[in-house]
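Subject: Structure for you to look at

Dear colleague,

Here is the structure I promised to hand over, with the sequence beside it. Please open it before you read on, and keep it in view while you go through my notes.

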Amino acid sequence: MNFWDYLGNRHQQLLTDAYQHASAVFQCMVVATVIGVLIGVITYRSEWAGNLATTATSTILTIPSLAMIGLLIPVVGLGVAPTVIALTLYGLLPIVRNAIVGLRGVDPSLVDAAKGIGMSRAARLVKVELPIAWPPILTGIRVSTQMLMGIAAIAAYASGPGLGNEIFRGIASLGSKNALNQVLAGTLGIIILALLFDAVYVLIGRLTISRGIRV
């Protein structure tokens, strides 16, 4: 059976796996973005706190994904839980780092002007600092998403959802007539999803970043 015949016979299962893969990455990115931006907001004013946040999230990223999931299985069991926890933790570094860099890069004169017209600290953060810091934050989200697309495939090791199941089935049956087709289908599916997500982020950037900030 050639690759195109395999896709035709397995398209329903592949679409289901692709949906689960995209859903897992999307949900984990939402959680990682909220946590990452909050960490950035809390730590960007202090040099040591910012460095601590960056170092801590960098350390998490050095843990091999198989090892991370293997350590989580005895604690939370198989399935979705270890996948969500691992992906969320892995997605933090680019978001935290870029949030800190973006917030520190806001022109102090703009903050002083906002303070001069009576804005509270929270209002300055929401209406002045975060909008200006949004471009680097969005870049961090894009980088995290691309990383998690690949890492999510390892979730199949813990009976997690996604296209990794297709890849692992192919690896487990190496030598069989469909082994290469399975690995190729899973890999190409992940690449296509990554490109689609990135295209969406480009569109979001065009819609949410003012032309003055882009320039």
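Below is what was found in it, going from the annotated span to the core, then to single residues and to the surface.

Please keep in mind throughout that this is a predicted model. According to its unreviewed UniProt entry, residues 18-201 carry the annotation "domain: ABC transmembrane type-1". In the model this span is 82% helix and 0% strand, and the C-alpha atoms at its two ends lie 19 Å apart.

The largest nonpolar core has 41 residues, and those that touch the most other members are Met29, Leu148 and Met149. At least two residues of this core are supplied by each of the helices H1 (3-43), H2 (47-62), H3 (65-76), H4 (80-90), H5 (92-104), H7 (121-151) and H9. The largest share, eight residues, comes from H7. If you select Met149 and leave aside its neighbours within four places in sequence, you will find that Met149 is in contact with His21, Val25, Ile190, Leu193, Ala194 and Phe197.

Helix H4 is worth a separate look, as its buried residues are Pro82, Thr83, Ala86, Leu87, Thr88 and Tyr90. These buried residues of H4 pack against H1, H2, H3, H5 and H7.

Two single residues make good practice in reading burial. Ser144 is found in helix H7, and Ser144 counts as buried because its relative accessibility is 0%, where the cut-off for buried is under 20%. Apart from neighbours within four places in sequence, the contacts of Ser144 are Met29, Gly91, Pro94 and Ile95. Ala49, for its part, sits in helix H2, and since its relative accessible area is 13%, Ala49 is buried too. Between the C-alpha atoms of Ala49 and Ile39, which are 10 residues apart along the chain, the separation is 9.6 Å.

Finally, please turn to the surface. Which residues make the nonpolar surface patch of about 540 Å²? The patch is made by Leu184, Leu188, Ile191, Ile192, Leu195 and Leu196, and one of these, Ile192, lies in helix H9, which runs over residues 179-208.

I suggest going through the residues in the order given here, with the structure open beside the text.

With best wishes

How values were computed: Residues numbered from 1 in each chain as written. Predicted model: local features only at pLDDT ≥ 70, side-chain atom pairs only at ≥ 80, totals over all residues. Heavy atoms only, no water. Patch = residues over 30% accessible without salt bridge, like charges linked within 9 Å, V, L, I, M, F, W, Y side chains within 5 Å. Areas by Shrake-Rupley, 256 points an atom, 1.4 Å probe, with all protein chains shown as cover. Salt bridge = Lys/Arg side-chain N within 4 Å of Asp/Glu carboxyl O. Helix = DSSP H or I, 4+ residues; strand = E, 2+ residues; numbered from the N terminus. UniProt positions renumbered as here; feature names shortened; annotations may be inferred. Core = buried A, V, L, I, M, F, W, Y, C linked by side-chain atoms within 4.5 Å. Buried < 20%, exposed > 50% of the residue type's maximum accessible area, 1.4 Å probe, protein only. Contact = heavy atoms within 4.5 Å.
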